[in-house]
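Visitor: I'd like to learn how to read a model like this one, feature by feature. Could you walk me through it?

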Amino acid sequence: MVYGFVAMMVLVFTATLHAQQLDSTVSPVNVNSPREQNLLSSEVSPHQSDCGCRNVPGGYPCRGECQKCMIGVDCRDGCGMEQRWADSRRLNFDAYGPGEYAGPSRLSHLGEYRLRPGDQLQTFYLITRSQASGMYRLTPGDSILIESLADAELNRGTLENGLVIQPDGTITVRLLGQIRAAGMTIDQLREVLNDQYMKYYPKPAIDVTPVRTNTLAEDIRNAVGGQSGFNEQSVTVTVMPDGKIRLPGIGEICVQGFSMNELKKEINLRYREIVVGLDVEPILAAQAPHFVHVMGQVGNPNRIQLDGPTTVLGAIAAAGGHLPSGNLRQVVIFRRAEDWRMISTMLDLQGAIYGKRPTPADEIWVRDGDVIIIPARPIVRFDNWVQQIFTDGVYGLVPPGAQFNLD
């Protein structure tokens, strides 16, 4: 016991002596030197730089001191040919640093989106109070004031409560009865009334003043607001399987294959045939759902919804990945073209799965409606055949080693 205590004391003394020797050999830090001041300031306060919140193309603001030196393969270097790992070169594979989860904006998915059945559209209605060309023509529901300097008895309506044009497009005036007013300009109606009243007055001096106009545009907008439920001046419609939609006032429109600009032009042209001063702005509220079907030797054969650009390997991964029994050299894709005809292709993805092909040409983008099939390997199909014919068939009826007495 005494021997152990002495040994422990010797060990403590040796460690203390060694620590004192280290302290004597290490020189104190000169905090007044420029290098140490920079290090301390960088640790104590945030790094001050003019990078701030700038969006640096191909990178991110305020790069760190330790930059990675990575190599990789760029399909752009192959001039259209598939690259191999031997073609690796220095590549800025970590260009966005911690912002890689968001990544670059990349190129647009489509040059121009075309409408299809299932797309949901929201159309906003705005009364512009303006007419692009020509003079305003009266419509049913508009109200006017008719005055005569020759006989005040011919006056109809007031500035507060004008004479309303009836649904059949006519107005009723003294002595003349019903006169058609819809479709006329104010000057034309004034001229017609003066000509008609010349039968009774040498100078009827009829004047027509518009009191309330463009009522059809307001009726359409009010109808739209009522359909929305919260007085929103918009209506939401879904493109039907026949490629058409229905809008208040103009009815059915075939919109399948239209771009949004073409749709706006078509809708406003249709409305201008019946009303002026109404501008409609359609927006794409929601796309029709996009799906691919993955079946065969995968973990979870299923229908996969496409929320963005997706490759074949991405779709297979979403279906639970491939099984060891899958033949990745003969992945089949069935596809419907624009006119619904069937087209198909066969892909070899085994090199990509095994990491032997860095830019596999068969790693293509999938399209809405694709059917992806990963068949079983030949050895698996042969094993299934043996299982069915022999194990479950012949041997099921006649077990191996069975003996029969024919006597």
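What follows is a conversation about confidence, cores, empty space and a few single residues.

Guide: Keep in mind from the start that this is a predicted model.

Visitor: Then let's begin with confidence. What is the mean pLDDT of the chain?

Guide: The pLDDT tells you how sure the predictor is of each residue, on a scale from 0 to 100. Here the mean is 81, and 76% of the residues reach 70 or more.

Visitor: Where does pLDDT stay under 50?

Guide: One such stretch is residues 22–31, which has 5 contacts beyond four places in sequence. Residues 35–49 also have pLDDT below 50, and the model gives that stretch 6 contacts beyond near neighbours in sequence.

Visitor: And the overall make-up? How many helices and strands does the chain have?

Guide: The count comes to 8 helices and 17 strands. The chain has 407 residues, and 29% of them count as buried. As for contacts with a separation of 6 or more, 57% are between residues 24 or more positions apart.

Visitor: Now the inside. Which residues have the most contacts inside the largest nonpolar core?

Guide: The general idea first: in soluble globular proteins, nonpolar side chains tend to be buried together. In this model the largest nonpolar core has 22 residues, and Tyr125, Ile245, Leu247, Ile267, Tyr271 and Leu278 have the most contacts inside it. At least two residues of this core come from each of strands E3 (120–127), E9 (234–238), E10 (244–247) and E12 (278–286), and likewise from each of helices H4 (215–228) and H5 (260–272).

Visitor: Can we zoom in on one of those? What is Leu247 in contact with, leaving aside its neighbours within four places in sequence?

Guide: Leu247 contacts Thr123, Tyr125, Val235, Val237, Ile253, Ile267 and Tyr271. There is also a second, separate core of 20 residues, with Leu163, Ile165, Met184 and Val208 among them.

Visitor: Thr123 turned up in that list of contacts. Is Thr123 buried or exposed?

Guide: Thr123 is found in strand E3. Its relative accessible area is 1%, so Thr123 is buried, the cut-off for that being under 20%. Not counting residues up to four places away in sequence, Thr123 touches Gln233, Ser234, Val235, Leu247, Ile267, Val280, Glu281 and Pro282.

Visitor: Let's turn to empty space. Which residues lie nearest the centre of the largest pocket?

Guide: Rolling a probe the size of a water molecule over the atoms shows where empty space is left. The largest pocket here has a volume of about 1,500 Å³. Its lining has 32 residues, and Leu110, Arg116, His290, Arg367 and Asp368 lie nearest its centre. By class, that lining divides into 13 nonpolar, 10 polar and 9 charged residues.

Visitor: What about closed space? How many cavities of 30 Å³ or more does the structure hold?

Guide: The structure holds 1. The largest cavity has about 30 Å³ of space, and Tyr136, Thr139, Asn214, Thr215, Leu216, Ala217, Val275 and Val276 line it. Sorted by class, that lining has 5 nonpolar, 3 polar and no charged residues.

Visitor: On to the loops. Where does Thr185 lie?

Guide: Thr185 is in the loop between strand E7 (177–180) and helix H3 (186–197). Thr185 is buried, because its relative accessible area is 5%. Beyond four places in sequence, Thr185 is in contact with Met135, Tyr136 and Arg137.

Visitor: And Gly134: buried or exposed?

Guide: Gly134 sits in the loop between E3 and strand E4 (143–148). At 67% relative accessibility, Gly134 counts as exposed. The C-alpha atoms of Gly134 and Thr185 are 9.8 Å apart, although the two are 51 residues apart along the chain.

Visitor: Which loop holds Pro324?

Guide: That's the loop between helix H6 (312–318) and strand E15 (331–336). Pro324 counts as exposed, at 71% relative accessibility. Pro324 and Val298 are 26 residues apart in sequence and 9.0 Å apart in space, C-alpha to C-alpha.

Visitor: One last thing, backbone angles. What phi does Arg106 have?

Guide: Arg106 has a positive phi of about 60°, although it is not a glycine. Arg106 is in the loop between strand E2 (89–90) and E3, and it is exposed at a relative accessible area of 65%. Leu175, also not a glycine, has a positive phi of about 70°; Leu175 lies in the loop between strand E6 (170–173) and E7.

Note on methods
Residues numbered from 1 in each chain as written. Predicted model: local features only at pLDDT ≥ 70, side-chain atom pairs only at ≥ 80, totals over all residues. Heavy atoms only, no water. Contact = heavy atoms within 4.5 Å. Core = buried A, V, L, I, M, F, W, Y, C linked by side-chain atoms within 4.5 Å. Buried < 20%, exposed > 50% of the residue type's maximum accessible area, 1.4 Å probe, protein only. Helix = DSSP H or I, 4+ residues; strand = E, 2+ residues; numbered from the N terminus. 1 Å grid on protein atoms, 1.4 Å probe; cavity = no way out; pocket = protein on both sides within 12 Å on 5 of 7 lines; lining within 4 Å. Points joined across faces, edges and corners; volume = space filled by probe spheres on them. Nonpolar A, V, L, I, M, F, W, Y, C, P; charged D, E, K, R; others polar.
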